[in-house]
Each structure stands twice: as C-alpha cells, then as structure tokens.
Amino acid sequence: MKLLTVNFLTCAVKNCKSSAASFPLHFEDAELEQREIDYNPTFLSNILPRLDWDAITTTAVEVCQYQSPSSECSEEYSEWACQLGFTSLPTIKPEGSFETEDEQKVLQELHTLLMETEVIEGKMVCHNCGHEYRIKEGIANFLLPNHLGESDLSSI
C-alpha cells in the first residue's frame with residue numbers, strides 16, 4: 001500500500017464520519033519497503049492540490065516512529081527506515097511552478113515518500129475510535145465487523 005493512499009482514507013466506522021480525529025489513520029507496527037519507480041514531477045504537481053498537507057506531514061513523521069523491522073533486517077534497512085522521518089518537508093504546502101532547485105527537492109522527497117514507500121505489513125489505527133485496519137501483503141483490510149458497520153435502515 002503506497003503512502004499516497006493514506007491521504008485519501010478515513011475511518012469506516014459510522015460513528016467516526018463526523019470526527020476530525022478519524023483522519024488521517026495512523027500507522028503502527030509498519031513494515032516498510034521502498035520500490036523505485038520513475039520520477040514523474042508532472043503527476044506530483046497535479047496531485048499536490050488534492051492532498052491534505054497536515055495529514056501528509058503527520059504521516060511522514062510517524063512512519064519512522066512506527067517502523068518495526070524484524071530482527072533479520074540489515075543495518076542498512078534500519079538506517080533507511082529511520083530516514084523516512086521526512087522531517088524536512090515544509091510545514092506549509094508548496095505551491096507554484098516548482099522550477100527552483102529547492103522546489104524540485106521537495107517534489108523529489110514527496111515522490112520518495114508517497115510513490116516509492118509502501119507499507120507491506122502492519123496496521124492503521126483510527127485515533128477517534130481506536131479501530132485497527134490490518135495491512136497484509138500491502139493490502140489494507142477495511143471490512144468492518146457487523147456491529148461497527150451496520151447502518152440504520154429504518155430511517156430510509
């Protein structure tokens with residue numbers, strides 16, 4: 001699951017729909033993998049207006065905190081995971097033509113974070129209700145137990 005996806009997800013529990021604490025979902029016990037893909041600055045500059053910047057910066061900082069590599073992971077992998085703190089992202093969403101070197105650097109960092117970084121195993125947690133969405137083999141399970149997902153059909 002690419003980190004870009006998290007910016008478009010909120011808790012599926014019906015009582016969380018009106019709560020600001022249900023977005024963004026927060027990673028715990030995340031096993032990350034970096035898969036190199038072609039850099040596409042046009043895509044990034046087009047998707048940027050659609051991103052919730054506060055959620056992106058929150059996820060960028062948290063991803064390092066929740067990284068829990070297995071004991072089999074190499075030291076090189078652990079160093080890479082800690083570098084995913086992405087604390088150098090600007091606090092204000094960048095806008096403009098992205099022509100300067102600094103603007104290009106931000107786009108490159110966003111590419112690495114959003115497009116190349118994937119969560120392979122772990123969970124996402126809602127800070128409103130505490131519900132956990134498991135991630136297995138890169139796929140998040142958003143199926144809810146019946147008692148959490150039932151809708152009130154009598155009001156229809």
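**Notebook: surface, fold, sheet and cysteines**

I began with the surface and noted that the chain exposes about 9200 Å², of which carbon and sulfur atoms supply 49%. I keep in mind throughout that I am reading a predicted model. Turning from surface to interior, I found that 40% of the 156 residues of the chain count as buried.

Next I looked up the secondary structure, and I recorded six helices and four strands in the chain, which follow the pattern α-β-α-α-α-α-β-β-β-α when read along the sequence. I then checked the contacts with a separation of 6 or more, and 73% of them in this chain are accounted for by residues 24 or more positions apart.

How are the four strands ordered in the sheet? I traced an open sheet with the order E1-E2-E3-E4 and antiparallel pairing; its edge strands are E1 (26-34) and E4 (139-140), each of which pairs on one side only. Between E1 and strand E2 (residues 117-125), which run antiparallel, I noted seven bridges, and I marked Glu31 as standing opposite Glu121 in E2. As a reminder to myself, strands of a sheet pair through backbone hydrogen bonds, either parallel or antiparallel. I also followed helix H5 (residues 101-116), which lies across E1 and E2 and runs at about 65° to E2.

I then went through the cysteines, and wanted to know how many disulfides the rule gives. The count comes to zero: the cysteine sulfur nearest to that of Cys16 belongs to Cys129, at 3.6 Å, and Cys16 is in no disulfide. Cys129 is likewise in no disulfide, its nearest cysteine sulfur being that of Cys16. Since the criterion asks for two cysteine sulfur atoms within 2.5 Å, I therefore leave this pair, 3.6 Å apart, uncounted. I looked up the accessibility of both residues as well: Cys16 counts as buried because its relative accessibility is 1%, whereas Cys129, at 39% relative accessibility, counts as partly exposed.

My last entry concerns Thr59, which I located in helix H3 (residues 53-66). Is Thr59 buried or exposed? Its relative accessible area is 8%, so I list Thr59 as buried, the limit for that class being under 20%. Leaving aside residues up to four places away in sequence, I found that Thr59 touches Leu3, Val6 and Phe27; Phe27 is a residue I would look up alongside edge strand E1 (26-34).

Definitions and conventions. Residues numbered from 1 in each chain as written. Predicted model: local features only at pLDDT ≥ 70, side-chain atom pairs only at ≥ 80, totals over all residues. Heavy atoms only, no water. Pairing = 2+ DSSP bridges. Helix = DSSP H or I, 4+ residues; strand = E, 2+ residues; numbered from the N terminus. Contact = heavy atoms within 4.5 Å. Axes fitted to C-alpha atoms, helices over the stretch in contact; angles between N-to-C directions. Buried < 20%, exposed > 50% of the residue type's maximum accessible area, 1.4 Å probe, protein only. Areas by Shrake-Rupley, 256 points an atom, 1.4 Å probe, with all protein chains shown as cover.
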